[in-house]
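Please load the model in a viewer and keep the selection panel open. The tour proceeds from the whole chain to single residues.

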Amino acid sequence: MSQAIVVPQHGGSEVLRLEEHDPGEPGPGSVRVRVSAIGVNFIDVYMRTGLYPRPTPFVLGLEGAGVVEAVGPSSEGVVEGDRVAWSAVPGSYAEVLVAPADRLVTVP
């Protein structure tokens with residue numbers, strides 16, 4: 001099982017929790033990625049504090065890079081083993097992420 005940074009309730013940095021997190025298998029048009037790096041931005045703080053409302057609990061983060069582990073049906077543009085990066089994919093503060101294939105760009 002992988003882990004992720006979860007926000008169980010809005011608040012300061014003390015609410016952040018490292019928890020077990022299973023993103024599941026990729027469905028149609030999505031892929032599972034082993035995350036290598038994440039982006040950290042002010043929008044993450046805004047979501048954590050509730051300034052930008054989001055239902056809790058949720059996995060924080062919107063940006064990252066990693067390696068494709070599995071490809072769901074009807075997913076195009078990436079294959080297992082591709083190095084990829086993304087932006088605006090919720091749940092990026094995780095060891096493993098399921099993301100829409102069309103939100104990923106391959107990294108040479």
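Begin with the whole chain: buried residues, meaning those under 20% relative accessible area (exposed is over 50%, partly exposed in between; 1.4 Å probe, protein chains only), make up 37% of the 108 residues in the protein chain. This is a predicted model, in which local features need pLDDT of at least 70 and side-chain atom pairs count only at pLDDT 80 or more, while totals for chains, interfaces and linings use all residues. Residues are numbered from 1 along each chain as its sequence is written, and side-chain values use heavy atoms, with hydrogens and water left out.

**Whole chain**

Display the C-alpha trace: along the principal axes, these atoms fill a box of roughly 40 × 25 × 20 Å. The radius of gyration, taken over C-alpha atoms, is 14 Å, which agrees with the value near 13 Å that a compact globule of 108 residues would have; the globule rule is 2.2 Å times the number of residues to the power 0.38.

Switch to a surface. About 5900 Å² is exposed, of which carbon and sulfur atoms supply 55%; accessible areas come from the Shrake-Rupley method with a 1.4 Å probe.

Contacts (heavy atoms within 4.5 Å) may be drawn next. Of those between residues at least 6 apart in sequence, 62% join residues at least 24 apart.

**The open sheet**

Change to a cartoon, which shows 1 helix and 8 strands in the order β-β-β-α-β-β-β-β-β from the N terminus. Helices (H or I, at least four residues) and strands (E, at least two) are DSSP runs, numbered from the N terminus.

Select β1, β2 and β4. Which order do the strands take in this open sheet? The order is β2-β1-β4, with antiparallel pairing, where two strands pair if DSSP finds at least two bridges between them. The edge strands, β2 (17-21) and β4 (58-59), each pair on one side only. Strand β1 (residues 2-7) is joined to β4 over 2 bridges; select Val7 to find its bridge partner Phe58 in β4.

**Backbone details in the loops**

Move to Pro57, in the loop between α1 (42-49) and β4. The peptide bond from Thr56 to Pro57 is cis, with omega near -5 degrees.

Next, select Ser74, in the loop between β5 (64-71) and β6 (83-86). Although not a glycine, Ser74 has a positive phi of about 65 degrees. Is this residue buried or exposed? Ser74 is exposed, with a relative accessible area of 67%.

Finish at Ala88, in the loop between β6 and β7 (96-100). Ala88 is not a glycine, yet has a positive phi of about 60 degrees; at 36% relative accessibility, Ala88 counts as partly exposed.
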